[in-house]
Amino acid sequence: MGQLVLSSVRKVFGDKEVVKGVDLEVRDREFVVLVGPSGCGKSTLLRMIAGLESIDGGEVAIDGRRVNDLPPVRRGIAMVFQSYALYPHMSVFENIAFPLRVERMEEGMLATKVHDAARVLQLEDYLKQRPGTLSGGQRQRVAIGRAIVREPKIFLFDEPLSNLDAALRSDMRVELRELHKKLRATMIYVTHDQVEAMTMADRIVVLSAGRIEQVGTPLELYHRPANLFVAGFIGNPKMNFIEVACKAVSEAGVTIAWGPAGEAEAIIPVEPRPGLEGKRLTLGIRPEHTLIGDGDLQLTFTPDLVEHLGIHSVAYGPVDRSKHAYCGLFPGTADLSEDVPMTIGFDRAHCHLFDETGVALTRAAALGEPVTAMPGTGAFQPSVSGSPGIVL
C-alpha cells in the first residue's frame, strides 16, 4: 500500500508561512504531480512528506499511520532529487546498491535486487561503469534505481528532469510513465513545467503561494479550470484573457459585451448566477480554439509576431484596436502576415468566463470535452471533480 493523506499541513520559515494548511489525499498506486511557479511551496511540501523538513502544523499520514515525527528512513519513502547525487568513485552497481549496504543486506539478495532494478531501467550493460561515463539520462536512471531497490511505499521526485536537455526530458517522461506501470507504485512528482504535469499525471495538484488552487486530471484542469490562475497556468500557449462587461443573466447563460464601445455582444453558455449584471468579467479563450474569419464571436486581430513552426503557427498581437494582447494557434498552412489586420473568432462553447474575483463560472460541456456517465442514471456530465456542470 502507498496511500498518503495530508491534513491542514503548514510550514513556516521565520515570519513567513510558505505552506498554508494543505489538505490532500493521494491514492495507492497513483501518479500525482505537484505543479506551480517557483516559490509556490511544492518542493517544501515534498520535503515535508519525506521528513526532510519539519512540520509546523497539521498531519502527514502514510497508510493510516501518522509519520510527522518519524525520520525519513522509517517512513517507507524513497526520494529522487534534482541533482543526481551519485558517488563518482563508485560503479553504477555500487551506487544502486548503496542503501542496501547501509541496511547490511545479505550479498546474494543485494545483487539480485540491483540486477532486477538495472533490468527495469535498462542499465544492465552499465553496471561496471562509473557515473562520469554516463549521459544525463542514464545518470538519472541510476538515481531512480537506487530508490527502486528500497521497495518504498511511495516514490518522491523533486524536479528530476530539469537538468536534462529537451530531447532527453521528453524521453524520460515516457520512461517514468512506463516505470510507474511496471512498479505499480505510488509516485509524487514535483515540477514547475506544466507540460510534464499534463503528460505524466493521473492527477495534478496546482499550487500557488502555499495553497492548493485545484486538484484534478490533466483534462479536467484543461477544460474546467477553477480560477484565473489555473486557467493561465495550464495550457501551452497560455489562455487569452479579455475584459468584458456582463449585460444580462438568463437560463441561456451570461450575456457579455466587449469592444471599444461595448458594441459587440454574445451569450456565453455558463451556469446562471445572480448579481453579475453590470460587473466586469474576464473572458478566457485558448489559443488553439482561435478560428480565422469564423466563429460565434469575432474580433479584429493584428499580429505583431508570427512563429512558423511547421505543424502549426503561433501569432501574437492586439485585438480590436485595444491593448489586450492575444495569442492565436493556427494550422501551419494558415496565411498569416505581421502587421496585417485579420478577423478571428471562436465558438461560444469553447469560451471560459470568470467573475470579478477570478473564480470560473461553470461551463456547459464544449465540443471534444470528455464526459463520463453519472452512476445509476445513464445520463452524462462533464468529467470534473467537484464541478456539477450542466447535464446533457
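How far apart are the axes of α4 and helix α5 (residues 166–183), and at what angle do they cross? The legend for View 4 picks that up; the views before it set the scene in this predicted model.

**View 1. The whole chain, before we zoom in.** We're looking at a predicted model with 8 helices and 23 strands. Measured out along the principal axes, the C-alpha atoms fill a box of roughly 80 × 50 × 45 Å. Of the 392 residues in the chain, 49% are buried. Take the contacts between residues at least 6 apart in sequence, and 64% of them turn out to join residues at least 24 apart.

**View 2. Helix α1, mostly under cover.** Helix α1 spans residues 42–50, and 7 of its 9 residues are buried. The buried set is K42, T44, L45, L46, M48, I49 and A50, so a lysine and a threonine sit in that list too. Just past the end of α1 comes G51, with a positive phi of about 90°.

**View 3. Helices α2 and α3, crossing at a slant.** Here helix α2 (residues 92–102) packs on helix α3 (residues 107–120), with an angle of about 130° and axes 10 Å apart. At that angle the two helices are oblique to each other. The crossing of α2 past α3 is right-handed. On the α2 side, the contact uses F93, I96, A97, L100 and R101, while α3 brings E107, L110, A111, K113, V114 and H115. Sorted by class, that gives 7 nonpolar residues, 1 polar and 3 charged. As for the spacing along a helix, an α-helix has 3.6 residues a turn, so residues three or four places apart point the same way.

**View 4. Helices α4 and α5, side by side.** Back to the opening question: the axes of α4 and α5 come within 11 Å and cross at roughly 20°. That's an angle under 35 degrees, so the pair counts as roughly parallel. Like the previous pair, this one has a handedness to report: α4 passes α5 in a right-handed crossing. From α4, the residues in the contact are G137, Q140, R141, I144 and I148; from α5, they are L168, M172, E175, L176, L179 and L183. The tally for this contact is 7 nonpolar, 2 polar and 2 charged residues.

**View 5. R141, an arginine tucked away.** Stay on helix α4 (residues 136–148), which is where R141 sits. Is R141 buried or exposed? Its relative accessible area is 12%, and since buried means under 20%, R141 counts as buried. Setting aside neighbours within four places in sequence, R141 touches L121, Q122, L123, M172 and E175. Two of these names, M172 and E175, also turn up on the α5 side of the contact between α4 and α5.

**View 6. Cysteines without partners.** How many disulfides does the structure hold? The count is 0. A disulfide is a covalent bond between the sulfur atoms of two cysteines. For C246, the closest cysteine sulfur belongs to C351 and lies 14 Å away, which is too far for a bond. C246 is buried as well, with a relative accessible area of 4%. C40 is another buried cysteine, at 1% relative accessibility.

How values were computed: Residues numbered from 1 in each chain as written. Predicted model: local features only at pLDDT ≥ 70, side-chain atom pairs only at ≥ 80, totals over all residues. Heavy atoms only, no water. Axes fitted to C-alpha atoms, helices over the stretch in contact; angles between N-to-C directions. Helix = DSSP H or I, 4+ residues; strand = E, 2+ residues; numbered from the N terminus. Parallel < 35°, antiparallel > 145°, perpendicular 65-115°, else oblique. Left-handed = near helix turned anticlockwise from the far one by under 90°. Contact = heavy atoms within 4.5 Å. Nonpolar A, V, L, I, M, F, W, Y, C, P; charged D, E, K, R; others polar. Disulfide = S-S within 2.5 Å. Buried < 20%, exposed > 50% of the residue type's maximum accessible area, 1.4 Å probe, protein only.
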